[in-house]
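Subject: Structure for you to look at

Hi,

Here is the structure I promised to pass on. Have a look at it first, and then read on for what turned up.

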Amino acid sequence: MERTIIFSTFQEILYHPDLGYYTTYGIEAAPFCSLPDTENRLQIHDISIRRYEVECLVYRMNMGGL
């Protein structure tokens with residue numbers, strides 16, 4: 001049986017010594033059957049400071065059935 005993965009965008013506030021605090025967005029992947037269960041989720045942090053770009057990528061990943 002094939003497991004469906006759901007991708008979503010999440011926001012973080014990070015700190016870098018040269019930049020200070022900044023808001024960044026990442027992608028979270030979770031099996032559809034365990035959405036409430038955070039143990040099976042995978043997060044890719046600090047992809048972009050532009051939310052719209054990450055949301056577009058997430059949309060394409062979900063539509064493409066990755």
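What pattern does the protein chain follow, read along the sequence? The answer is β-β-β-α, which comes to 1 helix and 3 strands. Please keep in mind that this is a predicted model.

A few overall values to start with. The protein chain has 66 residues, and 27% of them are buried. About 5,200 Å² of the chain is exposed, with carbon and sulfur atoms supplying 56% of that area. If you take the contacts between residues at least 6 apart in sequence, 44% of them join residues at least 24 apart.

Now the inside. The largest nonpolar core has 7 residues: F7, Y25, I27, A29, V54, V58 and M61. Strand 2 (20–31) and helix 1 (51–64) are the elements that each give two or more residues to this core. V58 is a good residue to click on here: leaving out residues up to four places away in sequence, V58 touches F7, S8, T9 and I27. Of those, F7 and I27 are themselves members of the core.

The C-terminal part of that story continues with N62, which also sits in helix 1. With the same sequence neighbours (up to four places away) left out, N62 touches I5, I6 and F7. The C-alpha atoms of N62 and I6 are 6.5 Å apart, although their positions lie 56 residues apart along the chain. As for cover, N62 has 32% relative accessibility, so it counts as partly exposed.

While you have helix 1 on screen, look for the salt bridge; the structure holds 1. Which side chains meet in it? They are those of R51 and E55, at 2.7 Å from N to O. Both residues lie in helix 1, 4 residues apart, which is about one turn of the helix. In general, side chains of opposite charge can pair when their charged atoms come close. Neither partner is buried: R51 counts as partly exposed because its relative accessibility is 43%, and E55 is partly exposed as well, at 33%.

On the surface, there is a nonpolar patch made of I13, Y15 and Y21, with about 420 Å² of accessible area together. Y15 belongs to strand 1 (residues 5–16). Y21 counts as exposed because its relative accessibility is 66%, and the cut-off for exposed is over 50%.

Two members of that patch come up again when you search for aromatic pairs, of which the whole structure has 1. The rings of Y15 and Y21 have their centres 4.9 Å apart, and their planes are at 55°, so the pair is tilted. That label follows because only angles over 60 degrees would count as edge-to-face, and those under 30 as stacked.

One last thing, about the backbone. D46, in strand 3 (residues 42–48), has a phi near 55°, a positive value in a residue other than glycine. Most residues other than glycine have a negative phi. The relative accessibility of D46 is 36%, so it counts as partly exposed.

That is the list from my side. Let me know what you make of it.

Cheers

Methods:
Residues are numbered from 1 along each chain as its sequence is written. This is a predicted model: local features need pLDDT of at least 70, side-chain atom pairs count only at pLDDT 80 or more; totals for chains, interfaces and linings use all residues. Side-chain values use heavy atoms; hydrogens and water are left out. A nonpolar core is a set of buried Ala, Val, Leu, Ile, Met, Phe, Trp, Tyr and Cys residues joined through side-chain atoms within 4.5 Å. Buried means under 20% relative accessible area, exposed over 50%, partly exposed in between (1.4 Å probe, protein chains only). Contact means heavy atoms within 4.5 Å. Patches are made of residues with over 30% relative accessible area and no salt bridge: like charges are joined within 9 Å, nonpolar side chains (Val, Leu, Ile, Met, Phe, Trp, Tyr) within 5 Å. Accessible areas come from the Shrake-Rupley method with a 1.4 Å probe; for residues, only the protein chains shown count as cover. A salt bridge is a side-chain nitrogen of Lys or Arg within 4 Å of a carboxyl oxygen of Asp or Glu. Rings of Phe, Tyr and Trp (its six-membered ring) pair if their centres lie within 6.5 Å; planes under 30 degrees apart count as stacked, over 60 as edge-to-face and the rest as tilted.
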